[in-house]
Amino acid sequence: MNKLTKRILSVFLAVAMIVTILPPVTAQAAKTKSVVLYKGEVVEVSDNFYSTVKSVSSSKKAVVAAKKDSKRNYKAILTAKKAGKSTVTLKTKNGTFKYAVTVKNYDFTVSFKNIGNDYLLMSVKNNTKTTFDDLQLTYTLCNSAGEVIEKKEKMVSDLLPGKKSYEKISVYGMDVDPSQCTAKAKASRRSLDAKYTNLNSKIKFTTSEEKSGDYTEISVKMKNNSKKSARGTVFVFVYDANGNILDVREIYVGSFDAGNIKTESVKVYNYIGEYEHCDIVPAIYSKEY
């Protein structure tokens, strides 16, 4: 066997080995991914390689509507229409991918409380097992006779499973009866590809106060005792000596790395009432891809 023949044979064997060890793309395409959506949610999906989408279809269009993204050819858009189940088939240049989609109705408990100073506190409890980055609500404010005074939309952030998040609503000049007010979830934002973890118990909080002439400054020291980067919102509930809520302030937490310490402060002005103490209610989590 001459040298040229040996070289040709060695190249052929090398190519054969590469073809043998490469995982076939169709093997990944055979897998079906289970996805839970909530009525009204609009999400994006793609294959693992972000390849061009040839077509996308839904086995039950009344449950999930599916279409190609007109601006990004590697994405498809799914819209959850009503509770039920549907199989979404995504055909790309790298093969066919399927999503077993279950659409559920939103499950949130919303309550309203008058906290004075022309503000209403809206409390939103997440009764699902899903973490939402944001939730868009349509709220309706009514008087004691049930007559509608105002109807608007409000965004509530950082809703962990089984936990509450809060928003203040200005009711200046309105005669609002909190017991007559209602709210309904309209849309939400979250990532299907991310893993969310509740870190509330992993964050250590220490508070200190310093009174000035017109206000009390509350310093909130936070230490991330978890092994993950944290994000979310810290709610500072401000009370008077009788246990009445004077105000609820928000501290936004972003990119709070593991082991780090940070301090944020809020000012409580005397005109809202005589401050006595505060409580810390965290909504802190990790979001990993």
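In the predicted model, the charged end of lysine 262 sits over the ring of phenylalanine 256. The distance to the ring centre is 5.4 Å. A second placement of this kind involves lysine 168 and tyrosine 119. Here the charged end of lysine 168 lies over the tyrosine 119 ring, 4.8 Å from its centre.

Lysine 262 falls within strand E19, which spans 261-269. E19 belongs to an open sheet of three strands, ordered E15-E16-E19. Pairing in this sheet is antiparallel. Strands E15 (203-211) and E19 are the edge strands. Each has a single partner strand, so one side of each lacks a neighbour in the sheet. From one strand to the next, the twist averages 20°. Strand E16 (residues 215-224) is joined to E19 by nine bridges. Across this antiparallel pair, glutamate 217 stands opposite lysine 267 of E19.

Aromatic pairs number 12 in the whole structure. One of them joins tyrosine 38 and phenylalanine 132. Their ring centres are 5.4 Å apart, and their planes meet at 65°. The pair is edge-to-face because that angle exceeds the cut-off of 60 degrees. Tyrosine 38 lies in strand E1 (residues 32-38), and phenylalanine 132 lies in strand E10 (residues 132-142). The pair therefore ties together parts 94 residues apart in sequence. Both residues are buried. Tyr38 and Phe132 also belong to an aromatic cluster with Tyr106 and Phe108.

Tyrosine 166 and phenylalanine 237 form another pair. Their ring centres are 5.0 Å apart and their planes stand at 80°, so this pair is also edge-to-face. It too links distant parts of the chain. Tyrosine 166 is in strand E12 (residues 164-170), and phenylalanine 237 is in strand E17 (residues 230-239). The two residues are 71 apart in sequence. Tyrosine 166 and phenylalanine 237 are both buried. Strand E12 also contains lysine 168, whose charged end sits over the tyrosine 119 ring.

At the level of the whole chain, the model has two helices and 20 strands. Of the 289 residues, 38% are buried. Contacts between residues at least 6 apart in sequence were also examined. Of these contacts, 66% join residues at least 24 apart. The accessible surface comes to about 16,700 Å². Carbon and sulfur atoms account for 49% of that surface.

Technical notes: Residues numbered from 1 in each chain as written. Predicted model: local features only at pLDDT ≥ 70, side-chain atom pairs only at ≥ 80, totals over all residues. Heavy atoms only, no water. Helix = DSSP H or I, 4+ residues; strand = E, 2+ residues; numbered from the N terminus. Buried < 20%, exposed > 50% of the residue type's maximum accessible area, 1.4 Å probe, protein only. Contact = heavy atoms within 4.5 Å. Areas by Shrake-Rupley, 256 points an atom, 1.4 Å probe, with all protein chains shown as cover. Phe/Tyr/Trp six-rings, centres within 6.5 Å; stacked < 30°, edge-to-face > 60°. Lys NZ or Arg CZ within 6 Å of the ring centre and 35° of its normal. Pairing = 2+ DSSP bridges. Axes fitted to C-alpha atoms, helices over the stretch in contact; angles between N-to-C directions.
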